[in-house]
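The exercises below concern the structure shown here. Please attempt each task before reading its solution.

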Amino acid sequence: MTLDAAWYTSPAAFATERERIFSQRWILVGREEQIDKPGDYFVADVDGQSIIVTRDSQRAIHAFYNVCRHRGTRVCEASSGHFQGSIQCPYHAWTYGLDGTLKAARNMAEVSGFDRSQYPLHESAAAAWEGFIFVNLSDALRQAPREAQTAFDREFAPLIGRFAKWDIANLKTARTIHYDLACNWKLVFLNYSECYHCPLVHPQLDKLSPSDSGRNDLSDGPFLGGYSELRAEATSLTTSGHTSRPPLGSVSGDDVNRIYYYTIFPSMLLSLHADYVMVHYAKPVGPDRTEVRCAWLFDAAEMAKPGFDPSDAVDFWDLTNRQDWHVNELTQLGMQSRAYTPGPYSNAEGLLTAFDRYYLSVMR
Ligand code: FES
Ligand SMILES: [Fe+2]
């Protein structure tokens with residue numbers, strides 16, 4: 001059965017989610033390609049916290065709270081850019097190294113008892129996987145940001161190496177689209193996890209990939225998903241149903257005719273096509289509001305070719321995304337009705353019961 005309405009509509013449930021999920025789990029924030037050089041940075045919003053994600057001269061990735069240790073001023077206003085070797089607060093020019101240590105604080109040497117080493121930028125944990133950057137705000141990891149990658153690898157063990165054939169770390173983002181959804185974030189995950197709705201909601205998708213061709217290969221825990229097959233006449237999920245792009249990395253055999261779909265709790269949807277990868281970054285901003293960023297990744301060499309155009313893939317999924325957002329918003333509206341009561345899942349919605357089960361195990 002579907003869950004009670006309160007899980008999707010109540011501010012109290014949302015507050016508990018922030019406490020138990022969004023401030024505790026690994027949250028997808030971006031790609032390593034965004035901070036290719038030491039000093040490159042972007043600012044991410046994680047559970048309402050402004051976080052500076054940057055790379056130091058040793059190429060280590062850091063996630064700093066965007067808060068000056070002097071009087072708390074927001075240090076970085078731009079959403080992305082490049083630090084020239086250090087991070088300077090715009091108020092009184094306290095200056096931090098790319099590793100967060102306080103390097104200079106004007107006139108503070110005369111202040112008795114002041115010890116610069118006690119005032120680095122507050123840091124949270126960052127880790128990378130397949131070129132994706134994740135941040136974790138939990139206090140446990142905050143004490144040990146150096147061990148963050150180990151902790152991440154342990155938690156993501158079922159996924160580490162699983163998608164090696166697609167060589168995702170070396171792909172580049174060709175296009176990104178932002179969407180604002182009037183629905184709970186979990187409806188986005190649930191909708192992504194079944195194709196029961198596909199014949200009706202996605203006639204274009206159904207024409208290329210039969211809605212009943214799905215097979216699950218991860219069906220328990222925080223990572224759920226499997227694959228669907230292309231129809232014989234299709235070669236990719238694009239507006240034409242075809243692609244002239246070669247398969248990524250070492251994708252071959254059955255995988256050429258499959259699309260793999262995974263929900264990566266609680267912030268990421270990963271869709272692997274033979275010739276491109278699509279990722280949804282999901283960010284809840286309220287019980288009934290979710291921001292979704294969808295990005296399309298391609299082989300860098302393919303992108304460098306004259307005439308490269310990702311529109312066939314982008315337009316196909318932009319349409320499909322909007323079709324999904326529409327039914328998600330309709331579901332949110334219905335769940336807000338006093339008449340809503342939990343309804344029975346179909347046999348094609350096994351991943352949804354798995355998602356709910358895992359979600360409740362975290363929340364209770
Ligand atoms: S608040 Fe940042 S230097 Fe004063
Ligand atoms: Fe859909």
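Six exercises follow, each with a worked solution.

The model is predicted, so that local features need pLDDT of at least 70 and side-chain atom pairs count only at pLDDT 80 or more, while totals for chains, interfaces and linings use all residues. Residues are numbered from 1 along each chain as its sequence is written, and chains are lettered from A and ligands numbered from 1 in the order in which they are written.

**Exercise 1. The sheet of 7 strands**

Determine the strand order of the open sheet of 7 strands and identify the strands at its edges.

*Solution.* Step 1: helices (H or I, at least four residues) and strands (E, at least two) are taken as DSSP runs, numbered from the N terminus, and two strands pair if DSSP finds at least two bridges between them.
Step 2: the order is β1-β10-β9-β4-β3-β2-β5, and the pairing is antiparallel.
Step 3: β1 (27-31) and β5 (80-82) are the edge strands; each has a single partner strand, so one side of each lacks a neighbour in the sheet.
Step 4: from one strand to the next, the twist averages 30°. Angles run from 0 to 180 degrees between N-to-C directions, the axes being lines fitted to C-alpha atoms, for helices over the stretch in contact.
Step 5: inside the sheet, β4 (residues 61-65) and β9 (residues 123-129) run antiparallel and are joined by 2 bridges. Opposite Ala 63 stands Ser 124 in β9.
Step 6: helix α4 (residues 148-155) packs on this sheet and touches β9 and β10 (132-136), its direction making about 50° with that of β9.

**Exercise 2. The sheet of 3 strands**

Describe the open sheet of 3 strands and give the bridge partner of Ile 87.

*Solution.* Step 1: the order is β6-β7-β8, again with antiparallel pairing.
Step 2: β6 and β8 (102-104) stand at the edges with a single partner strand each, so one side of each is without a neighbour in the sheet.
Step 3: with direction ignored, neighbouring strands are turned by 40° against each other on average.
Step 4: β6 and β7 are joined by 3 bridges, and the partner of Ile 87 is Tyr 96 in β7.

**Exercise 3. The surroundings of β16**

How many residues of β16 are buried, and how does this strand pair with β15 and β17?

*Solution.* Step 1: a residue is buried if 20 or more other C-beta atoms lie within 10 Å of its own, exposed if 12 or fewer, and partly exposed in between, with C-beta atoms placed from the backbone.
Step 2: in β16 (residues 277-286), 8 of the 10 residues are buried.
Step 3: β15 (residues 268-272) pairs with β16 in the antiparallel sense over 5 bridges, and a hairpin of 4 residues connects them. Leu 269 faces His 280 across this pair.
Step 4: β16 pairs with β17 (residues 289-299) over 9 bridges, also antiparallel, and 2 residues lie between them in the hairpin. Here Met 278 stands opposite Trp 296.

**Exercise 4. The largest nonpolar core**

Which residues touch the most other members of the largest nonpolar core?

*Solution.* Step 1: a nonpolar core is a set of buried Ala, Val, Leu, Ile, Met, Phe, Trp, Tyr and Cys residues joined through C-beta atoms within 7 Å.
Step 2: the core has 92 residues, and those sought are Ile 51, Val 53, Phe 134 and Val 135.
Step 3: at least three residues come from each of domain 1 (27-155) and domain 2 (164-363).
Step 4: contact requires C-beta atoms, placed from the backbone, within 7 Å. Leaving aside residues up to four places away in sequence, the contacts of Phe 134 include Trp 26, Ala 126 and Phe 152.

**Exercise 5. The two domains**

Characterise the contact between domain 1 and domain 2.

*Solution.* Step 1: the domain bounds come from an automatic or database domain assignment.
Step 2: the C-alpha centres of the two domains lie 32 Å apart.
Step 3: 7 residues of domain 1 contact 9 residues of domain 2. On the domain 1 side, β1 provides the largest share, 3 residues.

**Exercise 6. Backbone exceptions**

Where do Asp 47 and Ala 93 lie, and which residues does the cis peptide bond join?

*Solution.* Step 1: most residues other than glycine have a negative phi, and most peptide bonds are trans.
Step 2: Asp 47 has a positive phi of about 50° and lies in the loop between β2 (40-46) and β3 (49-55). Asp 47 counts as partly exposed because it has 18 C-beta neighbours inside 10 Å.
Step 3: Ala 93 has a positive phi of about 70° and lies in the loop between β6 (86-88) and β7 (95-97). With 11 C-beta neighbours inside 10 Å, Ala 93 counts as exposed.
Step 4: the cis bond joins Phe 265 and Pro 266, with omega about 0°. Pro 266 lies in the loop between β14 (258-264) and β15.

Notes
Contact = placed C-beta atoms within 7 Å.
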